[in-house]
Amino acid sequence: MAEHTTPWRVLHSGDPTDLVLAVDFFAPGRAEAAFGDLVPMLDGPYSVWETVQPAPGEETGMRGDDYLDRWIEALPVGAVVRGVLGFCVGGIFGSALGEKIAARQGHHPVMVLFDPEPVSPLVMYWQFHKLVDRLTGVLTPEEIRAAQSAGYRMQETETDPVAVGAALVALYREYGDLGLERVGLDADRRAELMAMFDSYLAYLVAATQVTTAADVSTSTVVSSDTPVDGLHLGARELPFAIDRHELLRRPEVAAAVSDLLAAR
């Protein structure tokens, strides 16, 4: 049976009736800065909560709106959501979450999307590519190239995100299990590490299934120096000449977000 997880984790405890919600896939050790880096630099009285994805295995059978309902149902009664922040694919979920919250509380929260990225087979492959790179040292260079080439061919020939996700999960399990067994990890530990990738791919696939239409006129896109396909998700862009990996770690970005949240 899958371990149960709570839908939110608290990044900052301020006024419990005044919430800012941050949407992202939390994974320890990732290269990009996260909301845990940004939030301590924000200047406001509000509490900040970040989404927690279902535990590996718990997401089985869930679609995009199931993720949204899981987060919405765990919000405290009587709290007002001042703002919703979303990073990368979290911008897709965040846009829809903002619409559901607007219907619930009668007005839109401030919407701030950081490099929002709609999910496509190519985006899914790129995430797979980066994770396979992290297997350097347990796989040979030839094995890494073979895995990445096979994954790239899959996204070229398949357009259904569900099928692409299943194929990339199988491929990552094949090569990941090989490398991790090679360095002496037992079967249970290997399965645990592989399940995290399953969970992430399920999150990406679910983002393609969200049916709640977003009102882009309510959103501001904060962009790095890395081009993304989600600029159309906001009516206004705040561009920063900052590497994507550092976007949520820079004080000038935090100052701009603080101003947006203060102007609700």
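Here is a short walk through this predicted model, one selection at a time.

**Stop one: the largest pocket.** Start with Ala 27, Arg 30, Leu 131, Arg 134 and Tyr 200, shown as sticks. Of the 27 residues lining the largest pocket, these sit closest to its centre. The pocket has a volume of about 740 Å³. Now colour α4 (121–133), α6 (161–182) and α7 (187–207), the elements that each give two or more residues to the lining. Which of them gives the most? That's α7, with six residues. If you colour the lining by class, expect 17 nonpolar, four polar and six charged residues.

**Stop two: α3 against α7.** Keep α7 on screen and add helix α3, residues 90–105. A packed pair like this is described by two things, the angle between the axes and the distance between them. Here the angle is about 50 degrees and the axes are 9 Å apart, so α3 is oblique to α7. And the hand of the crossing? Left-handed.

**Stop three: two unusual backbones.** Most residues other than glycine have a negative phi. Go to Cys 88, in the loop between β4 (80–87) and α3. Cys 88 isn't a glycine, yet its phi is positive, about 55 degrees. Is Cys 88 buried or exposed? Its relative accessibility is 8%, so with the cut-off for buried at under 20%, Cys 88 counts as buried.

Next pick Asp 115, in the loop between β5 (110–114) and α4. Asp 115 is another non-glycine with a positive phi, this time about 40 degrees. Switch on a surface and don't expect to find Asp 115 there: at 0% relative accessibility, it counts as buried.

**Stop four: two more loops.** Select Pro 40, in the loop between α1 (35–38) and β3 (46–51). Pro 40 has a relative accessible area of 64%, and exposed means over 50%, so Pro 40 is exposed. Draw a distance from its C-alpha to that of Gly 151: the two are 38 Å apart in space and 111 residues apart in sequence.

Finish at Ser 224, in the loop between β6 (219–223) and β7 (236–239). Being in a loop doesn't put Ser 224 on show, as its relative accessibility is 9% and it counts as buried. For a last distance, take Ser 224 to Ala 187: their C-alpha atoms are separated by 40 Å, with the two positions 37 residues apart along the chain.

Note on methods: Residues are numbered from 1 along each chain as its sequence is written. This is a predicted model: local features need pLDDT of at least 70, side-chain atom pairs count only at pLDDT 80 or more; totals for chains, interfaces and linings use all residues. Side-chain values use heavy atoms; hydrogens and water are left out. Helices (H or I, at least four residues) and strands (E, at least two) are DSSP runs, numbered from the N terminus. Buried means under 20% relative accessible area, exposed over 50%, partly exposed in between (1.4 Å probe, protein chains only). On a 1 Å grid over the protein atoms alone, a cavity is a set of points where a 1.4 Å probe fits but cannot get out, and a pocket is an open set with protein on both sides within 12 Å along at least five of seven lines; lining residues have an atom within 4 Å of a point. Grid points are joined across faces, edges and corners, and a volume is the space filled by probe spheres set on the points. Ala, Val, Leu, Ile, Met, Phe, Trp, Tyr, Cys and Pro count as nonpolar, Asp, Glu, Lys and Arg as charged, and the others, Gly among them, as polar. Axes are lines fitted to C-alpha atoms, for helices over the stretch in contact, and angles run from 0 to 180 degrees between N-to-C directions. Angles under 35 degrees count as roughly parallel, over 145 as roughly antiparallel, 65 to 115 as roughly perpendicular and the rest as oblique. A crossing is left-handed if the near helix is turned anticlockwise from the far one by less than a right angle, and right-handed if clockwise.
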